[in-house]
Structures are given as C-alpha cells and as structure tokens.
Amino acid sequence: MAATELRGVVGPGPAAIAAPGGGGGTGPPVVGGGGGGRGDSGPGSGAAPGTVAAATAGGTGPGGGGVAAAGPAPPPPAGGSGGSGTGNSGSAREGWLFKWTNYIKGYQRRWFVLSNGLLSYYRSKAEMRHTCRGTINLATANITVEDSCNFIISNGGAQTYHLKASSEVERQRWVTALELAKAKAVKMLAESDESGDEESVSQTDKTELQNTLRTLSSKVEDLSTCNDLIAKHGTALQRSLSELESLRLPAESNEKIKQVNERATLFRITSNAMINACRDFLMLAQTHSKKWQKSLQYERDQRIRLEETLEQLAKQHNHLERAFRGATVLPANTPGSTGSGKDQCCSGKGDMSDEDDENEFFDAPEIITMPENLGHKRTGSNISGASSDISLDEQSKQQLEETKKEKRTRIPYKPNYSLNLWSIMKNCIGKELSKIPMPVNFNEPLSMLQRLTEDLEYHELLDRAAKCENSLEQLCYVAAFTVSSYSTTVFRTSKPFNPLLGETFELDRLEENGYRSICEQVSHHPPAAAHHAESKNGWTLRQEIKITSKFRGKYLSIMPLGSIHCIFHATGHHYTWKKVTTTVHNIIVGKLWIDQSGEIDIVNHKTGDKCNLKFVPYSYFSRDVARKVTGEVTDLSGKVHFVLLGTWDEKMDCFKVQLVVGENGGDARQRGHEVEESRVMLWKRNPLPKNAENMYYFSELALNLNAWEAGTAPTDSRLRPDQRLMENGRWDEANAEKQRLEEKQRLSRKKREAEAMKATEDGTPYDPYKALWFERKKDPVTKELTHIYRGGYWECKEKQDWTSCPDIF
C-alpha cells in the first residue's frame, strides 16, 4: 500500500466542533440562551431551549428565542412525512423524517424503515435497493421525546439519531411504532436467551446433533455391557476366593486371599460408579443440547451479519476505487498534501454516511492508495516484465559485477496490483493476527531485521554524541537519535516481512561510515529480533525487540517490547530506553495513516541524567502541530538543563535552560525570547529520493538494504527468495514462495517439538533452540533476560566459514 499522511494537519474548520455527548452522533447546536441540553453538556432527557430542534419546532421555554443555526428545516413532502405501516417491503413502518446531520446542513430529509426491531435509514426510497446509511437495534436503544416534533433514539454507544417529524401527530405515530417494536425486540431477545426452541436450528444441525447423541448412547451401551461382564467375572472371582478361604491353607495365604477379595469388591464398586456417571452425562447432554445448539446458532448468525457488513464495505470500496480511477478532474495526492478544514469536519462529524451528494464519501481519494498509477505504470510493468525473463541466479551474477561501494538509487517500481480486501478479511474473522497468512500485497520488500537496521540511518548523531564532553549535551543527541528512528515510518504503511527463525541481516559500513551491524531472529513465537551495532567512532548500540500487536477494529496497535542500549566507550556512559506504541489507523476502510504515541525515558545509568520524551498522539481538535515531540533533559537532582521540541517526522531542536532569580527571590526559568536565542537544531530528516512514492517511500538507506552483496551468511535477508521476487515485481511467484518458506519453517518447528517430547519421555536432557550469534542472559544493567551478541560473525565472514548456519531458505 502506498504511504499516507495524517488527515487534518490544518486546524479544524467551523464545522469540526462536534457537540459532546449523545454517543457517536452530534447533537443540535446551542446558539441562543438556554439550559443544559444535548448540544452543550452531554446527554439529557429533554431538548435544550434555544437549540435548533426547539427553534425549528417553535418550542418555548426560558431559553426560547434561540437562533436556529442550520436555518429552518425543508418543508415536508406532500402527503406528510409518515408512510404506510403495510408497505411493499413488509416493514412495520416506513416514511420520511428529518435527521440531524451536522452543523453545516442541519436537519436533512431521510427515508426511514422500521422492520424486525431494526430502524434503518436511506437518502431516498430508491436507495433501499443498494445502500443503507445506518441501522440501529431497538432492543438496546432508548427513545426520548424532546418536544412536539422532535425525538431522539440512542443505543448509549456509537449511535444517536436526532429526528424530527413534520407534525406532533406524525411524531407520536413513529414513537408508538418504535416503542412497540422495541418491546417486541426485547421479548424476542429474552426468548432467544432462555428458550430451547429449535425453529432456528437447521435440519443439518439437527441431524448432526442426533448422530452425536446416538453415538454417545451406543458408547454408553458398550460400557454397560462391559460393566455386566465385570460384574459376572467379579462374582466368579469372589466365589473362587471364598472357596480358597475354605481350604486348609497357611495363615499367610488366607490374608493374601482376603486382600484380593477386598480389591475385587472395590473394583466392582468403581465400575458401577463409572457406568452411572456415563448415564448421567448422556442425560445432561440430551437435556442441554437444545440450549447449546441455540447458543451456537446465535453465534453463527452474528458471524454472518459481520461478514455481510464487511462484504458491503468491500463492495463500496471497489465501487469507490472504480469511480476514482475514472475521475479526471480530481487533483493528484502528494505526500505533503493535507486535507482542508472542510475535509476534517466531514471525516470527523456525525454519521459518516450523512454527507451530501457533492462530498459524499469525501475521503474516497484517500481510501484508494494510488501513487503507483500516476505516470509510472508503464515503466513498472516493463521492468517487471523484463525481469521475468531473467532467472534469480542471472540477476545475482549481474549484481556481482557492481562494486561494493556503488549504491542503488532506485528499485523496480511497485506494480499496480488490485487487491480485494474482502477476499482476505472474510477468512480472518476470529483468528489471531499473528497466525493469519497474509499475501505479499500488504508487505514491502524488506524484512523486519532490515527495518530494525534502519534505526542507524542517522548514526552521525551518535558520532557527535561520542565527542561530547558534557553528559547532558550527549543525552540531547541520544534523544534526537531516538526520535529520528521514527522518521522512516510516516509514509511506510506496508508491513515488513516477518523473518524466519535463524534469519540474519548484516550491514557492513565500516569503511564508509565507521560502523557495522548484525541482526538475528532469535524467536518466532513471540517474534523477537536481536541487534548489535558497533562503531569505530566510539559507541555500541544493542537491542532485542519483541513485537506484540492488537487489532482493535478500526486501527492496529503495535507495541515493541524490550530495551535499547547505547554505550559510549570513552566515558562509559550507558543509556537505555524503550520504544513507543505505533498505531495504524483506518485498517478496514479509509486511507491508512500512522501515528506514534507514548513516552520514552532515556536514562544514563552512570550519572543518573534523564530525558523524558513525550510523543503527542494526533487529536482531531488539537491546534498543535501534528506528530509533535517534546522533551526535558534533567540531571540526577531533577533540575532541567535542556528542553527539546520538534516532530518525529521532520526535525528536533534543543534549547538551553538556565534558572534565574525570580521576583520573589526564588528560582525561575529563562523567558521565552532568551531560550529562543539558545536554539540548536539537533536533527533534520533527509529528503526522500526522487520518485520515492513509486518505491514504497524508501529512504536512501532503505533502497540499499536489500541490494545483493557477496560474502554474506546464507541466512541473510538479501537471499530470501520471496522477498527478492516481490522487489522485482513478481508478486504471484513471491506469494507461492512465501507459502513454501512458511511451511518449511512449520515442519522444522514440529520436528523440534517432537524431539523435545521424546527427550522428556526418555528422561534425556534436551537443549531448546538457541540463537547462533546471540546468547540469552541477564543484562547487567537492566537485570532483564535478553539476547546479547556473543561474537564470531565477522570472523566467520572473513573466513567464509558458514557451516554452522541452518538451512532456512
């Protein structure tokens, strides 16, 4: 997917000020004087005098005389707004009502349909055939009458409808119908929970249930037969034992016979208890089977509804994609473009479906990620087509001819593959995200190990920090380096490849930039990667990052776990910090965009100095610059010496702070203009390469990470075939290769599990999987168990001795 930018960097327009309260809908605005209604103080039982609703309906009261912000409502159509209760659709009631949409358009006429305990609405009656604008379940809804014509329906969650009828009589008809439908829906819900009615159970389910009960009954009969045999043979055994007791045998023999007799009796008692328990189980299964089947059917119905909703969203998505591709007057999106205030209010106000015809689904250009077809489609297809005639081996030979110091300035353009999101999502419902097989269409041609190495893009910040004599100034550069690692994520909404267990990635820039780096995937579940980088300029960086993620419907939260260590050799200063949470928004529908939020505490374990960085989450109503980061550098006593300010996608500035004597003799900070004079720019993002939007928005460093290099380990990410095929535009082959590699990894894991189980049974020691280049041990500073580089990789590379490397590709 193409990268995206945050919506609404420009401040919200006048329509972006939503009325709080009322669930997910927006209440009518309070313009005139008046008391606490829904428009200004959250949910209320009656309309606030002075609201649009009261003004339009001619309501009176202490706050009467309020100005209607949206103007008078349009006149009702001829024949009244109500519809017949026995329409062609078979609905309980249908007709026209006026629904509050937003502050610009006020109340708009909509066609409402009440059927089967659900209230749905459409723009027009004709629209019922293809598009539903919204539906609310009356079983969990509250119906509140505001005045003679206005009433509210809310489910207390994300849906609230502010409605207005053409007259008091019409309003009363609707309220009565709604109350009756609600009572019926509540009754049906209660019956579905408590009743054992089998009407909704399909014939197939009944057959399966009967077969299961028949099998259970057969097994119980078998057990009963076994019990009879046990009783018969047990009686014979006891008879034989009694005969033995009557014989003249030594005293010791009689004691033994008595013990055997007692044990035989206990055995018979146990077998009787077992058969009785089996009969009880069968009776319980027969008694509760109806209720279990009802619950199962309810869950199936819920899943079907969810699938239908997602399918409808997918169809609308495809329709919008075709409409956007056919448009010729829409301006092309650029990476730096941002929505206007009107865009923001449209995407953030009220019901998304209540936009008028001109800006209906105004986010359509953002929903479809289309930078690929803006002038490079032919080029991309030519490149991928030409590369398809050349084998991977021949390509490697061609790349061998390039010298090591030559750097790539481009990669094959991203092909314009269409992707049916529904075809993937419908198979993922109810599954864990980490176990969903995702096609390469969602990926970028880099692995997670390579993305981790991208943290070193601004390594010169650590070079400068190593030269600082003042530990607090050094901490400022370390903080800037921490923020800089997020600058590559602003447009990179595609996910990297999950590394295979044992996969490695090296980056040797010792001659050019003075550092070299090695990463290894040390765990597969949970995914964990260890990274070690060392520089001849006097610093070492190491980290182990575990990725956890949670899918929350509209967005995906990615939470990296683990500490990052930076050690400066000359001074012995040892810094540690953790990463913040990354959130990917608009997962199902809309344009993907990324945000970073949370706090980072960078601690110097030698001096006690500390820097607290705050990544401000994006807020629709905030006037602050988007992606803002603030920070304070303090010493061991908590005294602030530097203030940091900037954004995680652009730059970071540093301000020196000195305490001066205040008016009352106490300490006070410098005034604003005095602090401004001490501004120092610590870091600024490098510009993206030309045509980066066609190359996954890769930076200059990212373009070279997957470039083929001689002498790397056979487990290096550059040699991963599915990733290489994807980079060359051969996505179908890449998907097939990805499935092969995952199956190979799965078989290796099963083999290890079988060996571990066998060792457990035999009582022999078994060594679990161990990383090749990293060793798991307790960190001396943080006291955490982590993987630390054990050494040996660069020596093996020099000798080209890779015999210890596993075969993972």
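**Exercise 1. Cavities**

How many cavities of 30 Å³ or more does the structure hold, and what lines the second largest cavity?

*Solution.* The structure holds 8 such cavities. The model is a predicted one. Take the second largest cavity: its space comes to about 110 Å³. Its lining has 14 residues. Ser487, Thr488, Arg685, Leu688 and Ser699 lie nearest the centre. Now sort the lining by class: 6 residues are nonpolar, 4 are polar and 4 are charged.

**Exercise 2. A helix pair**

Which way does helix α12 run against helix α13: roughly parallel or roughly antiparallel?

*Solution.* Start with the two elements. Helix α12 covers residues 460-467, and helix α13 covers residues 471-484. They pack at an angle of about 170°, and their axes are 8 Å apart. Angles over 145 degrees count as roughly antiparallel, so α12 is roughly antiparallel to α13. Next, find the residues that meet. From α12 come Leu461, Leu462, Arg464, Ala465 and Ala466. From α13 come Gln474, Tyr477, Val478, Ala480, Phe481 and Ser484. By class, this contact has 8 nonpolar, 2 polar and 1 charged residues.

**Exercise 3. A sheet**

In what order do the 7 strands of the open sheet stand, and which strands stand at the edges?

*Solution.* Read the order across the sheet: β4-β3-β2-β1-β7-β6-β5, with antiparallel pairing. β4 (134-137) and β5 (142-145) each have a single partner strand, so one side of each is left without a neighbour in the sheet. These two are the edge strands. On average, neighbouring strands are turned by 35° against each other, direction ignored. Then look at one pair. Strand β1 (residues 93-102) and strand β2 (residues 106-115) run antiparallel, joined by 9 bridges. Opposite Phe112 in β2 stands Gly95.

Notes. Residues numbered from 1 in each chain as written. Predicted model: local features only at pLDDT ≥ 70, side-chain atom pairs only at ≥ 80, totals over all residues. Heavy atoms only, no water. Axes fitted to C-alpha atoms, helices over the stretch in contact; angles between N-to-C directions. Helix = DSSP H or I, 4+ residues; strand = E, 2+ residues; numbered from the N terminus. Parallel < 35°, antiparallel > 145°, perpendicular 65-115°, else oblique. Contact = heavy atoms within 4.5 Å. Nonpolar A, V, L, I, M, F, W, Y, C, P; charged D, E, K, R; others polar. 1 Å grid on protein atoms, 1.4 Å probe; cavity = no way out; pocket = protein on both sides within 12 Å on 5 of 7 lines; lining within 4 Å. Points joined across faces, edges and corners; volume = space filled by probe spheres on them. Pairing = 2+ DSSP bridges.
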